[in-house]
There are 2 protein chains.
Amino acid sequence: MRAGTLAEPWQSVIGELRRRGLRWTPRRRLVLEVLSEASGHVTGAEIVDRCRRLDAATVPSTVYRTLDVLEELGLVRHGHGADGREEYHVRPTDEHGHLHCEACGGRWELDASEVGEFMAHIERNRGFRVDLSHFTLVGRCPTCGGAPAWGAEAAAWISDR
Amino acid sequence: MRAGTLAEPWQSVIGELRRRGLRWTPRRRLVLEVLSEASGHVTGAEIVDRCRRLDAATVPSTVYRTLDVLEELGLVRHGHGADGREEYHVRPTDEHGHLHCEACGGRWELDASEVGEFMAHIERNRGFRVDLSHFTLVGRCPTCGGAPAWGAEAAAWISDR
DNA sequence: TGCGCTGTCGCAACGTGTTGCATCAGGCGA
DNA sequence: TCGCCTGATGCAACACGTTGCGACAGCGCA
């Protein structure tokens with residue numbers, strides 16, 4: 001396996017782990033290596049897969065446990081896509097939410113400036129602090145437009161009570 | 001099994017199925033029976049479980065397929081909880097979103113009046129039509145309050161780049 | 001350097017949901 | 001009433017993720 005090619009800020013992870021009494025191990029190094037080459041969004045399965053390509057002996061449970069640890073360190077965040085799958089965001093220094101089109105599967109980022117006011121509104125009215133990185137809106141993009149798949153037509157016949 | 005105890009509007013489901021060339025079968029009746037006694041939110045696993053209590057021979061794949069069909073008819077909608085599990089809403093005539101506390105697991109409904117303006121804002125700016133029943137905000141409720149689990153502290157050490 | 005505490009790993013089993021396929025049966029037309 | 005077409009079902013296998021547990025090994029300390 002390659003030698004110390006991890007870029008900053010990944011290096012600081014080692015120190016941070018130690019500071020918390022946690023350990024720096026080959027498996028964690030592997031996961032970090034995969035993450036460092038995958039900024040953006042990756043599903044859990046994808047991460048496991050890439051780890052396996054680097055080391056065929058990789059076991060899923062270890063990867064997921066490592067991701068939990070890294071999330072606690074703030075290095076990654078995870079949410080769930082429209083299909084409910086785990087989805088990891090690497091280095092969420094620029095926290096953001098997502099739009100997910102249920103028709104074409106497309107996704108777009110939603111940055112803090114677009115939702116900040118709404119989040120503040122919810123916090124004022126409900127005292128509820130919204131976590132932006134879990135903020136995923138599902139619906140239809142401009143291209144797929146129109147009514148959602150289940151349709152107003154479907155809703156109509158049932159509304160007769 | 002009990003005889004024709006399904007209340008309206010469940011009865012109309014039979015006709016609607018036929019209208020679409022689909023069939024009314026004992027299995028579908030079973031699922032509908034479970035749903036009719038479970039207004040609110042139920043996870044897929046819960047529905048399967050309740051079906052099994054009524055008929056031990058129930059098989060998950062059939063239940064999930066039936067739920068898909070019922071969703072197409074507009075009788076149920078599904079979304080994903082904060083843990084990514086399937087979550088069905090029965091008879092979403094009163095469509096709404098959800099708040100989900102990541103600390104205590106509590107959940108609250110978010111009705112259209114609270115988010116309508118924001119949804120309109122997203123549609124104006126992005127042309128994206130948000131599906132309210134998939135609208136789930138994850139964060140911390142007033143009781144669990146404060147910073148989310150991953151903490152500002154955690155974010156701080158990484159922000160050195 | 002060597003020891004020991006405790007965090008980490010691999011494994012196996014499980015939970016939830018999906019998919020492909022062969023078979024069964026609802027319901028329409030003759 | 002009977003037969004046929006096609007949708008529905010059960011089964012088995014799979015995909016993704018989680019959990020419990022015993023064995024292993026990182027790393028602090030003497």
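Two residues are taken to be in contact if their C-beta atoms, placed from the backbone, lie within 7 Å. With that in hand, the predicted model can be walked through starting from chain B, where helix H3 (residues 44–54) lies across strands S1 and S3. The helix doesn't follow the strands' direction blindly: H3(B) runs at about 80° to S1(B).

The sheet under discussion is an open one, built from three strands of chain B in the order S1-S3-S2, and its pairing is antiparallel. Strand S1 (41–43) and strand S2 (76–80) of chain B sit at the edges, each pairing on one side only. From one strand to the next, the twist averages 30°. Looking at S1(B) and strand S3 (residues 86–90) of chain B, three bridges hold the antiparallel pair together. One residue pairing can be named here: B:His41 has B:His89 in S3(B) as its bridge partner.

Now for the DNA. Strand D is surrounded by 24 residues, and the closest come from both chains: A:Gly44, A:Ser61 and A:Glu86, along with B:Leu22 and B:Arg27. Several helices contribute at least two residues each to the surface near DNA strand D. On chain A these are helix H3 (44–54) and helix H4 (60–73), while chain B brings in helix H2 (26–36) and helix H4 (60–73). The biggest share comes from H4(B), which puts in four residues. As for chemical character, the surface near DNA strand D is a mix, with nine polar residues, eight charged and seven nonpolar.

Technical notes: Residues numbered from 1 in each chain as written. Chains lettered and ligands numbered in written order. Predicted model: local features only at pLDDT ≥ 70, side-chain atom pairs only at ≥ 80, totals over all residues. Pairing = 2+ DSSP bridges. Axes fitted to C-alpha atoms, helices over the stretch in contact; angles between N-to-C directions. Near = placed C-beta within 6 Å. Nonpolar A, V, L, I, M, F, W, Y, C, P; charged D, E, K, R; others polar.
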